[in-house]
Amino acid sequence: MKLTGAQIFIECLKEQGADVIFGYPGGTVLPIYDELYNTTEIKHILTAHEQGATHAADGYARSTGKVGVVLATSGPGATNTVTGIATAYMDSVPLVVFTGQVPLPILGRSSFQEVDITSMTAPITKDNYIVKDVKKLAQTIREAFKNARSGRPGPVLIDIPKDVQMETTEYEFAVIDTSNKRIEWGFHRDEWNQEALKRNLERAIEAINNAEKPLIYAGGGVIIAEACDELMIFAETIKSPVACSLMGMGAFSQDHPFYTGLIGMHGTRASNRAASNCDLLIAIGARFSDRVVGNIKTFASNAKIMHIDIDPAEIGKNVFAHIPLCGHLKNVLSMLNERINEKKLSSWNKQIDEWKGVFPPKFTYKHTLNPHYIIEKLSDLTKGEVIITTEVGQNQMWTAQSYVFKKPRTFISSGGLGTMGYGLPASIGACIANPGKRVINVAGDGSFRMNSTELVTISRYKLPIIQLVLNNHALGMVRQWQDLFYEKKFNSTKLGNDVDLMKLADSYGIKGIRITSDEEVEEKLQQALNMNEAVVIECIIDEREMVYPIVPPGASIQDALEE
Ligand SMILES: Cc1ncc(C[n+]2csc(CCOP(=O)(O)OP(=O)(O)O)c2C)c(N)n1
């Protein structure tokens with residue numbers, strides 16, 4: 001069958017099971033938009049900005065495990081996707097981003113809206129392509145989707161010149177396995193590495209059986225690999241406490257007695273003390289980020305380090321791994337679970353419980369309308385059954401500290417890049433991907449302002465998302481650093497009261513609810529949850545609220561500053 005490039009684009013997306021595209025039109029993608037006009041199987045969500053489209057596709061991908069799809073025009077449309085691509089790259093989120101490009105005869109001539117987007121995105125994509133021959137389009141799209149979802153997932157970009165979208169060629173339908181369940185042994189399938197993995201597996205089993213004070217440090221990889229059940233069996237068999245990185249929130253049910261909380265810069269005392277005192281640290285799908293390890297010389301310095309990850313580049317990158325296990329987490333954990341000995345609760349578990357008792361994750365309520373109180377109430381009312389997205393800053397940390405996440409893919413946040421403006425558009429993608437599920441974006445006022453323009457997308461598609469803005473009238477997290485480490489010189493971090501969020505919401509046709517005291521929290525949160533429509537809730541909180549504990553720059557994680 002002979003099809004145009006634009007028609008092949010549509011057919012290949014259908015082959016991949018892609019049901020939604022987040023995009024924004026422009027001159028060099030008009031042939032594709034023209035084809036989309038006739039397509040009912042693929043829904044196009046028009047965002048207000050290409051950055052919003054990319055974060056929305058990312059929220060769609062993180063909340064489902066499916067590949068998120070973005071479509072943008074050339075030039076400024078393409079460059080507007082860059083922050084979203086980098087955000088997805090840092091957190092291993094599968095995206096395929098399509099950009100239009102100027103026609104081949106005028107490529108490389110500084111033509112109108114021409115940018116070299118493949119060069120620009122080379123370091124922040126798993127791979128990227130410019131398709132110069134329509135005969136290669138289908139094969140490139142199939143390869144890009146496979147690449148985005150396999151191994152360690154991530155974003156891939158395909159740049160398609162306008163004339164390639166209009167040319168015709170023969171298209172053959174293909175049946176694609178989109179299951180995402182690829183189980184791999186090691187990083188290379190050659191025998192030497194299989195042998196290495198087997199040998200290391202023996203060493204791992206011996207180390208686990210001999211460990212008296214193990215600690216599991218679980219990251220986002222556990223969620224991506226859908227290995228949460230295997231993690232639970234593993235932890236319960238060896239009676240190991242479990243700490244999670246920010247990306248690992250929800251990988252291990254947080255109401256489980258073995259859960260010690262967030263680890264690292266704003267981690268719980270129990271997690272950070274456990275890391276400093278354990279004799280075996282088992283990192284699973286985590287990458288020893290500087291936000292986790294603090295002073296690298298003193299991190300888990302009494303422990304043997306076992307590192308389980310699918311990406312060989314992560315092993316030994318930040319922290320030396322005595323026992324590396326490179327492979328798909330679901331597979332490696334299953335193999336360990338078959339062989340490890342069941343252990344009994346020990347004095348180590350007692351010690352951890354004591355730390356949790358002496359330093360419970362409760363926070364003093366200094367000012368009226370305490371952010372922890374708001375998040376705790378939200379957690380009580382929604383019982384871990386909703387999807388929470390966050391912005392970046394104090395709002396993000398308060399949410400990670402005080403909401404009880406019980407399931408994977410319920411905490412969606414920009415961890416690696418720390419992108420302000422991520423949460424609102426990500427909540428759009430999560431809502432579209434999960435009809436019937438409530439999605440709540442917890443925001444700071446600074447981050448909220450960055451992409452509040454996407455409120456129009458929420459109202460256009462009538463998405464029942466709650467925006468919970470913790471309005472401290474400041475860039476709170478940066479203000480906190482100025483308070484603690486820059487002699488309280490609050491330069492450029494006070495935002496003041498110059499935007500009326502209630503009026504802003506109203507101008508988009510979205511309901512606004514303002515909360516000013518602790519007494520109103522429960523009732524007004526419940527009121528918003530009962531409404532099956534979009535709401536902006538603004539909580540007026542004191543700008544002096546801080547996130548504690550905090551590990552000062554360069555310090556060891558056991559030396560966190562406390563309230
Ligand atoms: C795009 C972007 N610009 C700047 C920063 C640096 N930054 C990190 S946290 C923060 C303050 C965030 O303020 P707000 O959104 O109001 O949240 P709060 O910390 O007050 O909860 C800033 C400016 C960032 N992370 N992302």
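Helix 5 (residues 82-90) in this predicted model lies across strand 5 (95-101) and strand 7 (155-161), and its direction makes about 145 degrees with that of strand 7. Strands 5 and 7 belong to an open sheet of six strands, which follow one another in the order 3-2-4-5-7-6 with parallel pairing. At the edges of this sheet stand strand 3 (43-46) and strand 6 (127-130), and each has a single partner strand, so one side of each is left without a neighbour in the sheet. From one strand to the next, the twist averages 20 degrees. Within the sheet, strand 2 (residues 20-24) pairs with strand 4 (residues 68-72) in the parallel sense, over three bridges, and Tyr 24 has Ala 72 in strand 4 as its bridge partner.

Another open sheet is also built from six strands with parallel pairing, here in the order 16-15-17-18-20-19. Its edges are strand 16 (411-412) and strand 19 (511-515), and because each of them has a single partner strand, one side of each is left without a neighbour in the sheet. Strand 18 (residues 465-471) and strand 20 (residues 535-540) run parallel and are joined by six bridges, and in this part of the structure Gln 467 stands opposite Val 536 of strand 20. Helix 16 (residues 371-382) packs on the sheet, where it touches strand 15 (387-390), strand 17 (439-444), strand 18 and strand 20, and its direction makes about 160 degrees with that of strand 18.

The model also holds a ligand, which is surrounded by 17 residues, the closest being Gln 394, Gly 418, Gly 446, Ser 447 and Gly 476. By class, this shell has seven nonpolar, nine polar and one charged residues. The table lists polar contacts made by oxygen atoms of the ligand.

| Residue | Partner atom in the protein | Distance to a ligand oxygen atom |
|---|---|---|
| Asp 445 | N or O atom in the side chain | 3.2 Å |
| Gly 446 | polar backbone atom | 2.8 Å |
| Ser 447 | N or O atom in the side chain | 2.6 Å |

Taken alone, the ligand exposes 590 Å², and the protein buries 76% of that area. Three elements, helix 17 (394-402), helix 19 (445-450) and helix 21 (476-485), are those that give two or more residues to the shell around the ligand. Helix 19 provides the largest share of this shell, namely four residues.

Definitions and conventions
Residues are numbered from 1 along each chain as its sequence is written. This is a predicted model: local features need pLDDT of at least 70, side-chain atom pairs count only at pLDDT 80 or more; totals for chains, interfaces and linings use all residues. Side-chain values use heavy atoms; hydrogens and water are left out. A residue is near a molecule or strand if one of its heavy atoms lies within 4 Å of it. A polar contact is a pair of N or O atoms within 3.5 Å; within protein, one must be able to donate a hydrogen and the other to accept it, and residues adjacent in sequence count only if both atoms are side-chain atoms. Accessible areas come from the Shrake-Rupley method with a 1.4 Å probe; for residues, only the protein chains shown count as cover. Ala, Val, Leu, Ile, Met, Phe, Trp, Tyr, Cys and Pro count as nonpolar, Asp, Glu, Lys and Arg as charged, and the others, Gly among them, as polar. Two strands pair if DSSP finds at least two bridges between them. Contact means heavy atoms within 4.5 Å. Axes are lines fitted to C-alpha atoms, for helices over the stretch in contact, and angles run from 0 to 180 degrees between N-to-C directions.
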